[in-house]
Amino acid sequence: VRAEAIPGADPRFMKLKLITDAGHSIAFVDGRRLGRIWIGESPERDRRVSALGPDAHEALPPVTELFQQLRRRRTPIKALLLNQKFLAGIGNWLADEILLKALIAPARLASSLDETEAMALHQSIKDVVTHAVNVDADYQQFPDDWLFHVRWGGGRGDEMWRGHRIQRDTIGGRTTAWIPDLQH
């Protein structure tokens with residue numbers, strides 16, 4: 001394997017590109033500089049990988065187990081969904097979409113959710129994450145009614161979603177777009 005830059009052919013914000021002897025390549029692209037890459041012996045033996053929670057797509061805990069975990073957490077549900085040690089693979093916009101579909105306000109304490117809300121959250125995680133994975137996170141294939149299309153403020157987004165005002169707050173250190181009329 002060799003690393004090299006090919007002028008004009010590299011993706012924007014590329015930080016690393018590996019090219020195999022057979023000519024295949026993989027690029028690490030990180031425009032916001034939030035990602036990390038490291039070399040380890042194996043995923044099973046790396047402490048950083050073993051510290052991750054279950055994969056939100058492939059290993060989502062059953063709803064009863066999820067509900068029990070939520071009951072023990074006195075943190076905003078949005079912050080908990082972003083915690084990769086709780087569930088791995090849910091990022092900022094996914095968390096907003098999940099919470100809107102479940103009709104749960106992002107600042108609510110996870111421990112305040114009742115069993116019905118935990119079931120709605122569980123189903124919403126499955127639906128949103130599965131759809132995003134199935135379309136390779138191609139936003140052009142996200143449903144038209146997803147908040148994703150209008151969640152950013154200013155010149156990049158709208159102030160309304162389907163006739164409801166979008167509120168933007170900082171929760172868990174991240175910009176959070178949500179619909180106070182619908183999410184409780």
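Is R45 buried or exposed? R45 is exposed, since its relative accessible area is 63%, and this residue is taken up again below together with its salt-bridge partner. The model described here is predicted, and the protein it represents has five helices and seven strands. Of its 184 residues, 34% count as buried, and the C-alpha atoms fill a box of roughly 55 × 40 × 25 Å when this is taken along the principal axes.

**Overall architecture**

- Read from the N terminus on, the elements follow the order β-β-β-α-α-α-α-α-β-β-β-β, with the helices of the protein numbering five and the strands seven.
- Among the contacts in the protein with a separation of 6 or more, 48% are accounted for by residues 24 or more positions apart.

**Packing of helices α2 and α5**

- Helix α2, which covers residues 63-71, and helix α5, which covers residues 115-134, have axes that come within 9 Å and cross at roughly 115°, and the crossing in which α2 passes α5 is right-handed.
- On the α2 side this contact is made by V63, L66, F67 and L70, while on the α5 side it is made by E115, A118, M119, L121 and H122.
- Sorted by class, the residues in the contact of α2 with α5 are seven nonpolar, one polar and one charged.
- Q69 is also found in helix α2, and Q69 counts as buried because its relative accessibility is 17%, which falls under the 20% limit.
- When residues up to four places away in sequence are not counted, Q69 touches P61 and F86.

**Nonpolar cores**

- In soluble globular proteins, nonpolar side chains tend to be buried together.
- The largest nonpolar core of this model has 30 residues, and those with the most contacts inside it are L70, I77, L81, I90, I98, L121 and I125.
- Helices α2, α3 (77-82), α4 and α5 each supply at least two residues of this core, and α5 gives the most to it, with six residues.
- L121, which is one of the α5 residues in the contact with α2, is in contact with L70, I77, L81, I98, L99, A102, I104 and L113 once its neighbours within four places in sequence are left aside.
- A second, separate core has seven residues, including L100, L147, I166 and I179.

**Salt bridges**

- The structure holds eight salt bridges, and the pairs and the network described in this section are among them.
- R45 forms a salt bridge with E41, with the closest N and O atoms 2.6 Å apart; R45 is exposed at a relative accessible area of 63%, and E41 likewise counts as exposed, at 65% relative accessibility.
- K101 forms a salt bridge with E97, with the closest N and O atoms 3.4 Å apart, and because K101 and E97 are four residues apart in helix α4 (residues 92-102), they are separated by about one helical turn.
- Within that pair, K101 counts as partly exposed at 33% relative accessibility, whereas E97 counts as buried at 1% relative accessibility.
- The side chains of R168 and E159 meet in a salt bridge at 3.6 Å, N to O; R168 is partly exposed with a relative accessible area of 24%, and E159 is partly exposed with a relative accessible area of 46%.
- K78, D96 and R151 are linked in a network of salt bridges.

**Backbone points to check**

- Most residues other than glycine have a negative phi.
- L103 is a residue other than glycine with a positive phi, near 60°; L103 is found in the loop between α4 and α5, and L103 counts as partly exposed at 45% relative accessibility.
- D136, although it is not a glycine, has a positive phi of about 55°; D136 lies in the loop between α5 and β4 (160-161), and D136 counts as exposed because its relative accessibility of 69% is over the 50% limit.

Key:
Residues are numbered from 1 along each chain as its sequence is written. This is a predicted model: local features need pLDDT of at least 70, side-chain atom pairs count only at pLDDT 80 or more; totals for chains, interfaces and linings use all residues. Side-chain values use heavy atoms; hydrogens and water are left out. Axes are lines fitted to C-alpha atoms, for helices over the stretch in contact, and angles run from 0 to 180 degrees between N-to-C directions. A crossing is left-handed if the near helix is turned anticlockwise from the far one by less than a right angle, and right-handed if clockwise. Contact means heavy atoms within 4.5 Å. Ala, Val, Leu, Ile, Met, Phe, Trp, Tyr, Cys and Pro count as nonpolar, Asp, Glu, Lys and Arg as charged, and the others, Gly among them, as polar. Buried means under 20% relative accessible area, exposed over 50%, partly exposed in between (1.4 Å probe, protein chains only). A salt bridge is a side-chain nitrogen of Lys or Arg within 4 Å of a carboxyl oxygen of Asp or Glu. A nonpolar core is a set of buried Ala, Val, Leu, Ile, Met, Phe, Trp, Tyr and Cys residues joined through side-chain atoms within 4.5 Å.
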